[in-house]
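Please open the structure in the viewer and set side chains to be displayed on selection. The tour proceeds by selections, each followed by a description of what is found there.

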Amino acid sequence: MSLQDFINDAISPWMNTEGDDSDIVLSSRIRLARNLDQVAFPTSDESDSMQRVLQHVEQEYNQQSFESFKQFQLVKMNELKPIEKRVLVEKHLISPSLAENTDTGGVLISENEQASVMINEEDHLRIQVYFPGFELSKALEQAQDLDDWFEERTRYAFDETRGYLTSCPTNVGTGLRASVMMHLPALTMTNQMNQIVPEINKLGLVVRGIYGEGSEALGQLYQISNQITLGKSEEDIVEDLKSVVKQVIESERRARQWVMQQSGVQLEDRIFRSYGVLAHSRIIESKEAAKCLSDVRLGIDLGLIKNISKNILNELMVLTQPGFLQHYAKKTLQPNERDFFRANLIRERLQLEQY
């Protein structure tokens, strides 16, 4: 398999398109937590109940098609190798928690990989829909349509007063988690993120790393999402998040202008040094690669680096993760071997831009 073939197979089709404000917002996601009525929730650890949920999903939705998502395919965690599960985590199609459920865990993945439904994670169903760029309203509309399709054949646990019932009290109500993945290098360089994050938290939102709760912000990528689901409509939650994200976008753009005006030469030097590291390194660790990729993407957005795809950050932040590296190498790799393969893959990817 050539690198280009590997990239085409590895990157979800929706990632190759652009949405609004895609220079700063890489993706928008809507996730809906749902549980089946009269069935013990996954946190109860009742294996028989979770097996029934998995069987129900397989019977009702596997290989069924719905609108633009086309056909859904059920993948069971107990049928996957560890590297295959890690690849699904790195593509954000499943969570690290679901990957650990080797007995009753599963996921429905749409043909275009824009939607996935995790089965028996913290809740029976976690429906998630992705859109490129700042497209939260579109993602919400599509997630609601998909949710309605599921509800035609599944009775949800629902209370007229509390709303949708979930394993974690913070998700009770709408069961909705709206989030955006943002590239914020200038705010990070100017140390403004240290001030912005606490202010965002005060508004009932949370800032996390690239893989959600407990992860770090590799490559200056931050995930901003809501915390409160009870007492607000789905539309209100999304509008509140959109309002804050718009302010962060404006702040990042101002910070980029300020850095260019105050430290133009130093910034250019940093960007082109990072490009040189990526283009010529023989060994590179994941954190250094993420930092350099962030710098190069900033250089592309500022017009300093030309003739390189804007998607390079999206692509290589996925392709250089441990699961994909081992999938590409077709064998298990030790940490030092991964650093070698990561550098080699990045060099090959950059060389593709020259053809």
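The stops below concern salt bridges and then one pair of packed helices.

The model is a predicted one. Across it, the count of salt bridges comes to 24. Several of these are visited in turn.

**First selection: E58 and K76.** The two side chains form a salt bridge, with an N to O distance of 3.1 Å. The pair joins distant parts of the chain, as E58 belongs to helix 2 (residues 47-61) and K76 to strand 3 (residues 70-76), 18 residues apart. Are the two partners buried or exposed? E58 has a relative accessible area of 31% and is therefore partly exposed. K76, at 19%, falls under the 20% limit and so counts as buried.

**Next selection: helix 8, residues 234-280.** Two salt bridges may be inspected here, beginning with R256 and E252. The side chains of R256 and E252 meet with 2.7 Å from N to O. Both residues lie in helix 8, four residues apart, which corresponds to about one turn of the helix. R256 and E252 are both buried.

Then move along helix 8 to R273 and D269. Their closest N and O atoms are 2.7 Å apart, forming a salt bridge. Here again the spacing is four residues, about one turn of the helix. The relative accessible area of R273 is 58%, so this residue is exposed. D269, with a value of 39%, is partly exposed.

**Next selection: E121, E122, D123 and R126.** What links these four residues? They are connected in a network of salt bridges.

**Last selection: helix 10 (residues 312-319) and helix 12 (residues 335-352).** Two packed helices are described by the angle between their axes and the distance between the axes. For helix 10 and helix 12 the angle is about 155 degrees, and the axes are 11 Å apart. Because angles over 145 degrees count as roughly antiparallel, helix 10 and helix 12 are roughly antiparallel to each other. Helix 10 passes helix 12 in a right-handed crossing. To see the contact, display I312, E315, L316 and L319 of helix 10 together with L345, I346, R349 and L350 of helix 12. The residues of this contact comprise six nonpolar and two charged, with no polar residue.

How values were computed:
Residues are numbered from 1 along each chain as its sequence is written. This is a predicted model: local features need pLDDT of at least 70, side-chain atom pairs count only at pLDDT 80 or more; totals for chains, interfaces and linings use all residues. Side-chain values use heavy atoms; hydrogens and water are left out. Buried means under 20% relative accessible area, exposed over 50%, partly exposed in between (1.4 Å probe, protein chains only). Axes are lines fitted to C-alpha atoms, for helices over the stretch in contact, and angles run from 0 to 180 degrees between N-to-C directions. Angles under 35 degrees count as roughly parallel, over 145 as roughly antiparallel, 65 to 115 as roughly perpendicular and the rest as oblique. A crossing is left-handed if the near helix is turned anticlockwise from the far one by less than a right angle, and right-handed if clockwise. Contact means heavy atoms within 4.5 Å. Ala, Val, Leu, Ile, Met, Phe, Trp, Tyr, Cys and Pro count as nonpolar, Asp, Glu, Lys and Arg as charged, and the others, Gly among them, as polar.
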